[in-house]
Each structure stands twice: as C-alpha cells, then as structure tokens.
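Visitor: Could you take me on a close look at the aromatic pairs here? I would like to know which rings pair and where they sit in the chain.

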Amino acid sequence: SGGAGTSVRILGTNLTGVTAVKFNGVDASFLSLSGSLSATVPASSTTGPLTVITTAGTNITTEVFTVTLGPAPVITSFSPTNGEAGATVEIRGLYLRDVIAVKFNDAEAVFTNSLFRPLSASVPLKATSGPITVVTAGGSFTTTNAFIVERFFAPAIQSISPSSGAPGTIVDIRGTNLTGVTRVEFKGV
C-alpha cells in the first residue's frame with residue numbers, strides 16, 4: 001500500500017522489455033532495475049491490481065495494491081522569485097511527486113515533474129503577482145511568499161538629439177520603457 005508518489009519495488013521474472021506499468025489501469029512512471037522494477041504510484045490511481053506489460057505479454061497481479069492518501073506537498077523554496085510570463089521557475093520541497101496542478105496566483109501553469117529533477121513550471125501568460133500553489137493527490141500547498149510577475153513593454157522612442165552626425169557622435173535617445181536595453185542600432189548596425 002502507499003499514496004501517490006510512493007515508489008513501489010516490483011520483483012518477478014521476465015521483467016525485461018517492460019513497456020508499461022499500471023496501477024489499477026492507470027499508467028505509472030517506472031525504471032527498470034536489474035531483475036526488478038521501481039514504479040511510482042500515479043496521482044489518479046485507485047486501489048486495485050498492478051499490471052506489467054512487456055513485449056512478450058501482460059501480467060496482472062492477484063494481489064491488490066491499496067492506494068492511500070499520501071502526505072500533502074510542502075514548498076520550501078522557489079527560484080527565481082520574480083520573472084515575466086514564460087519564465088521557468090524551479091519549485092523545491094517535500095512530497096512533490098505526481099503533481100496534479102501548479103498555479104501562479106490561481107493561473108494554471110504548464111509544469112514538468114521529473115524523477116531526478118526539481119519540479120519546474122512556466123509562468124502563465126495570465127499570471128499576476130501572488131503565491132504559488134502545488135496540488136497533488138495528498139493535498140495542496142500555497143506559498144506565503146509571492147512570486148512577482150514582471151511585465152516588460154517594448155521601448156518607445158520619443159526623440160533623438162542630434163538628428164544627424166558623423167560616426168562617433170553621441171546621440172541622446174529619449175522615450176519610455178528604455179530600462180533593460182540590450183542593444184541600440186543605427187540602421188541595423
């Protein structure tokens with residue numbers, strides 16, 4: 001028995017060429033080890049048999065795996081603490097396996113949850129500054145610290161002075177949104 005995110009060791013014979021492991025019909029992530037498998041209980045699984053599928057056939061256990069409600073996730077940190085839409089944020093903590101949802105101030109985010117890397121999420125386009133929430137089968141956790149969503153706007157040139165000059169002439173450029181400028185070009189140069 002175990003909750004979502006629990007690593008389950010499966011022992012048996014002919015466990016080479018495994019293409020799928022299922023907990024009561026729900027696909028699970030797994031690793032093939034020497035003569036055994038290590039499978040992670042998926043978030044949406046329910047109590048029932050385990051199924052191992054190989055290129056040679058399928059085996060369904062007669063024993064039942066009992067899915068228990070796992071512990072609620074805990075976020076200990078996230079980095080960076082601010083950024084614009086599309087930025088990737090790494091979220092670290094406890095019980096962050098089989099994540100169902102990641103939200104930036106209630107805006108749903110696209111996320112990646114790998115066995116060997118921290119949980120990472122992309123700041124959604126509609127996100128606003130606020131807490132980050134992670135939802136798993138065991139519950140949810142919302143940070144007390146806010147992620148600050150930065151909005152960057154395209155620069156707008158209002159005036160240049162002087163309006164002509166030889167190479168090496170210093171030109172004063174005035175306008176709005178001129179912070180964070182990475183390059184200035186004179187006719188593409």
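Guide: Happily; here is a walk through the aromatic pairs, one after another. This is a predicted model, in which local features need pLDDT of at least 70 and side-chain atom pairs count only at pLDDT 80 or more, while totals for chains, interfaces and linings use all residues. Residues are numbered from 1 along each chain as its sequence is written, and side-chain values use heavy atoms, with hydrogens and water left out.

The structure holds 3 aromatic pairs. Rings of Phe, Tyr and Trp (its six-membered ring) pair if their centres lie within 6.5 Å; planes under 30 degrees apart count as stacked, over 60 as edge-to-face and the rest as tilted. One of the pairs joins phenylalanine 23 and phenylalanine 65, edge-to-face at 5.3 Å centre to centre with 80° between the planes. This pair links distant parts of the chain, 42 residues apart: phenylalanine 23 belongs to strand S3 (residues 18-23), and phenylalanine 65 to the loop between strand S8 (57-60) and strand S9 (67-68). Strands (E, at least two residues) are DSSP runs, numbered from the N terminus. Phenylalanine 23 counts as buried because its relative accessibility is 1%, and phenylalanine 65 does too, at 10%; buried means under 20% relative accessible area (1.4 Å probe, protein chains only).

Now to phenylalanine 104 and phenylalanine 147: their ring centres are 5.3 Å apart and their planes lie at 80°, so this pair is edge-to-face. It also links distant parts of the chain, 43 residues apart, with phenylalanine 104 in strand S13 (residues 99-104) and phenylalanine 147 in the loop between strand S18 (139-142) and strand S19 (148-149). Phenylalanine 104 is buried at 2% relative accessibility, and phenylalanine 147 is buried at 1%. Finally, ring pairs link Phe104 and Phe147 with Phe78 into a cluster.

Notes. Helices (H or I, at least four residues) and strands (E, at least two) are DSSP runs, numbered from the N terminus. Buried means under 20% relative accessible area, exposed over 50%, partly exposed in between (1.4 Å probe, protein chains only).
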